[in-house]
Amino acid sequence: MDQNELKSLVGRAAVEYIKDGMIVGLGTGSTVRYMVDALGERVKNEGLNIIGVTTSNRTTKQAQSLGITIKDIDEVDHIDLTIDGADEISDDFQGIKGGGGALLWEKIVADISKHYMWIVDESKMVHQLGTFPLPVEVIPFGAQHVFNKLAAKGYQPTWRMDGDQRYRTDENDYIIDLHLGKIDDPQAMAEELIHMVGVVEHGLFLNRVNDVIVGRQNGPEILH
Ligand code: 5RP
């Protein structure tokens, strides 16, 4: 199986955890796209009755086009289960997310979810976080100064680009990607970043996930 087939495999496996009547958080990214397609099939073919809360405008558009009912996050008082992708997952289940630029809404949705699941192909499983660039979402005002501070700390920042323009998130913010190589202390890094003025959120998702479904050549593996 190639990487897309593994993504499709875990997307389909995850949808089996969605039960009638649930409020479901829908993540963002190419793996989640497969999951939302499979969810759309269940809604259409089985009459599965769920409410979705999305983590990006992209996912909203896809879900609505498939007939999935979407509510605004502030219209629900909790989320039963959120299924999202990830960019890196370490041996101790810590993660980097935000490769698709949706980290802020993704973390807010994760925060009110009773159960939180990641779906990944096996290439995302690593021993230590940091090979994947760590995304940091910053508001546009004074963003160059935040960038300069990150550079001075030796974090090798680059602007996330969209063609020749800086990438804009669904909140109209910028993303700065940190090229760290390895992150020895993810908790300390998370604390440092969140306390920098101008930083809205970072892509370290620590002590959050309940289950990971990993797409392997011999089938999906569920890790708890
Ligand atoms: C988007 C994310 C994605 O979940 C993450 O980038 C994984 O994406 P993909 O499934 O395309 O590999 O965090 O902000």
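Reader: Which residues come nearest to the ligand?
Author: Happy to start there, with the note that this is a predicted model. The ligand has 17 residues around it. Those that come nearest are Gly-29, Thr-31, Gly-85, Gly-99 and Gly-100.

Reader: What is the make-up by class of the shell around the ligand?
Author: Two helices contribute to this shell, helix 2 (30-46) and helix 4, with at least two residues each. Sorted by class, the shell has four charged, three nonpolar and ten polar residues.

Reader: Is helix 4 largely enclosed or largely open, and which of its residues are buried?
Author: Helix 4 covers residues 103-111, and seven of its nine residues are buried, so the rest of the structure largely encloses it. The buried ones are Leu-103, Leu-104, Trp-105, Glu-106, Lys-107, Val-109 and Ala-110.

Reader: Which residue does UniProt list for "active site"?
Author: Good one to ask, and the source is an unreviewed entry. The residue lies in helix 4. The name given in that UniProt entry is Glu-106.

Reader: Why does Glu-106 count as buried, and which residues does Glu-106 touch?
Author: The cut-off for a buried residue is 20 or more other C-beta atoms within 10 Å. Glu-106 has 29 within that distance, so it is buried. Setting aside residues up to four places away in sequence, Glu-106 touches Gly-27, Thr-28, Thr-55, Asp-84 and Lys-97.

Reader: Which residues touch the most other members of the largest nonpolar core?
Author: As background, nonpolar side chains in soluble globular proteins tend to be buried together. Here the largest nonpolar core holds 56 residues. The two that touch the most other members are Met-35 and Ile-119.

Reader: With which residues is Ile-119 in contact, leaving aside its neighbours within four places in sequence?
Author: One of these contacts is Met-35, which shares with Ile-119 the role of touching the most other core members. Another is Thr-31, a residue that is also among those nearest the ligand. The full list is Val-10, Gly-11, Ala-14, Thr-31, Met-35, Ile-83, Gly-85 and Ile-213.

Reader: Which strands stand at the edges of the open sheet of seven strands?
Author: The order in this sheet is 3-2-1-4-7-15-16, and the pairing is mixed. An edge strand has a single partner, so one of its sides is left without a neighbour in the sheet. The strands in that position are strand 3 (69-70) and strand 16 (219-223).

Reader: In strand 3, which residue is the bridge partner of Gly-52?
Author: Strand 2 (residues 51-54) pairs with strand 3 in the parallel sense, over two bridges. Within strand 3, the partner of Gly-52 is Ile-70.

Reader: Which residue in strand 6 does Ile-89 stand opposite?
Author: This takes us to an open sheet of three strands, ordered 5-6-14 with antiparallel pairing. Strand 5 (88-89) and strand 14 (204-205) are its edges, each with a single partner strand, so each has one side without a neighbour in the sheet. Two bridges join strand 5 to strand 6 (residues 95-96). Opposite Ile-89 stands Gly-95.

Reader: What is the phi of Asn-207, and is Asn-207 buried or exposed?
Author: Most residues other than glycine have a negative phi. Asn-207, in the loop between strand 14 and strand 15 (211-216), is not a glycine, yet its phi is positive. With 9 other C-beta atoms within 10 Å, Asn-207 is exposed. Its phi is about 55 degrees.

Technical notes:
Residues are numbered from 1 along each chain as its sequence is written. This is a predicted model: local features need pLDDT of at least 70, side-chain atom pairs count only at pLDDT 80 or more; totals for chains, interfaces and linings use all residues. A residue is buried if 20 or more other C-beta atoms lie within 10 Å of its own, exposed if 12 or fewer, and partly exposed in between; C-beta atoms are placed from the backbone. Helices (H or I, at least four residues) and strands (E, at least two) are DSSP runs, numbered from the N terminus. A residue is near a molecule or strand if its C-beta atom, placed from the backbone, lies within 6 Å of it. Ala, Val, Leu, Ile, Met, Phe, Trp, Tyr, Cys and Pro count as nonpolar, Asp, Glu, Lys and Arg as charged, and the others, Gly among them, as polar. Two strands pair if DSSP finds at least two bridges between them. A nonpolar core is a set of buried Ala, Val, Leu, Ile, Met, Phe, Trp, Tyr and Cys residues joined through C-beta atoms within 7 Å. Two residues are in contact if their C-beta atoms, placed from the backbone, lie within 7 Å. UniProt positions are given in the numbering used here, feature names are shortened, and annotations may be inferred rather than shown by experiment.
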